[in-house]
2 protein chains.
Amino acid sequence: MAISETRKLVSMDKPLVSAISDICDPEESKVAFVRDLFGRLGEKWSMRTLDELAHGPLRFTALMNVLPGISHRILTVTLRTLETDGMVSRTAYPETPPRVEYALTPLGESFVCRALSMVAWAQDHQREIEANRANRR
Amino acid sequence: MAISETRKLVSMDKPLVSAISDICDPEESKVAFVRDLFGRLGEKWSMRTLDELAHGPLRFTALMNVLPGISHRILTVTLRTLETDGMVSRTAYPETPPRVEYALTPLGESFVCRALSMVAWAQDHQREIEANRANRR
DNA sequence: CGGTATCCAAAAGGATACTG
DNA sequence: CAGTATCCTTTTGGATACCG
């Protein structure tokens, strides 16, 4: 796809995020937004959490169980971030003891679909990448 | 896409990474690999660096200039990681003063293509996500 | 110029105790 | 049970000086 020859052709715009600007609006705010979002989703447990919720709603404690190694506190902050972005919904049932269910929102489902294509890519290239790492060590 | 109903159907397998296991091999090593790769690419400057190189090869100093705010040392470690994974190539020309060019490898180009679809998703949902954030703070 | 080595600051993550 | 608050450890990133 000769992506490496495009600098000469479109030398005045910015990359990745901005390759998209060839099509739409090159506003700096969009670049910042995408970088920020990627940062949030790159947090240690975000993808794993979304992944678990992709199989159906789960309670706080259930999530702890399927995410071995996560701490009480980190699960809370991870869920709060995802909730703030609208990827996950939180439903508290007014009972004693309390019961809270977390689930993917439609936005969250939409994201997971895209993420799956990245996962597929990663798996397709696993041998290639591991071979590279081995050669250099 | 009713992804939220699948837990009952395939209750014994694992998520995201593993939704893919419905199709191929559910080996734990693959899950670990993808998580690890995502972690590397989630590092602060990895995506930005790939992005810049997507427009063509660049020298070390040129990269510093197009990545405002990155430190000398961090650019080095970022490039080393990308090089180790085979996403970026490093070519040193034996001159004085030294000249070193970094470029995307075919693997790196392939990755950037996939990443662009994630970027597009992010931009498509920017308003939606920002609206969610605003509501909750 | 393109690094590596050293040192330091900031942020992320984790353990744990306490609460409604 | 599902948190919040507090404290501590680890990791990451940045500033800087020096080297081939």
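**Protein surfaces at DNA strands C and D, and the sheet of chain B**

Of the atoms of DNA strand C that come within 4 Å of the protein, 61% belong to sugar or phosphate, and the rest belong to bases. In this predicted model, 20 residues surround DNA strand C, and the closest are R73(A), T61(B), H72(B), R90(B) and Y102(B). Phosphate oxygens of the strand are approached by arginine side chains of chain B: an N or O atom in the side chain of R90(B) is 2.6 Å from one phosphate oxygen, and an N or O atom in the side chain of R80(B) is 3.2 Å from a phosphate oxygen. The backbone also takes part, since a polar backbone atom of P98(B) is 3.3 Å from a sugar or linking oxygen of DNA strand C. Two or more residues are given to this surface by each of helix 5 of chain A and helix 4 (60-66), helix 5 and strand 3 of chain B, with helix 5 of chain B giving the most, 4 residues. By class, the surface near DNA strand C has 8 nonpolar, 4 polar and 8 charged residues.

DNA strand D is surrounded by 19 residues, of which the closest are T61(A), H72(A), R90(A), Y102(A) and R73(B); sugar and phosphate account for 60% of the atoms of DNA strand D within 4 Å of the protein. A polar side-chain atom of T61(A) lies 2.3 Å from a phosphate oxygen of this strand. Bases are reached from both chains: a polar side-chain atom of R73(B) lies 2.7 Å from a base nitrogen of DNA strand D, and one of R73(A) lies 3.5 Å from a base oxygen. The elements that give two or more residues to this surface are helix 4 (60-66), helix 5 (72-85) and strand 3 (99-104) of chain A, together with helix 5 (72-84) of chain B. The largest share, 4 residues, comes from helix 5 of chain A, and the residues of the surface divide into 8 nonpolar, 4 polar and 7 charged.

In chain B, an open sheet of 3 strands has the order 1-3-2, with antiparallel pairing. Strand 1 (58-59) and strand 2 (88-93) of chain B stand at the edges with a single partner strand each, so one side of each is left without a neighbour in the sheet. Strand 2 and strand 3 (residues 99-104) of chain B run antiparallel and are joined by 6 bridges, and V88(B) stands opposite L104(B) of strand 3. Helix 3 (residues 46-53) of chain B packs on this sheet, touching strand 1, strand 2 and strand 3 of chain B, and its direction makes about 95° with that of strand 3.

How values were computed: Residues are numbered from 1 along each chain as its sequence is written. Chains are lettered from A and ligands numbered from 1 in the order in which they are written. This is a predicted model: local features need pLDDT of at least 70, side-chain atom pairs count only at pLDDT 80 or more; totals for chains, interfaces and linings use all residues. Side-chain values use heavy atoms; hydrogens and water are left out. A residue is near a molecule or strand if one of its heavy atoms lies within 4 Å of it. A polar contact is a pair of N or O atoms within 3.5 Å; within protein, one must be able to donate a hydrogen and the other to accept it, and residues adjacent in sequence count only if both atoms are side-chain atoms. Ala, Val, Leu, Ile, Met, Phe, Trp, Tyr, Cys and Pro count as nonpolar, Asp, Glu, Lys and Arg as charged, and the others, Gly among them, as polar. Two strands pair if DSSP finds at least two bridges between them. Contact means heavy atoms within 4.5 Å. Axes are lines fitted to C-alpha atoms, for helices over the stretch in contact, and angles run from 0 to 180 degrees between N-to-C directions.
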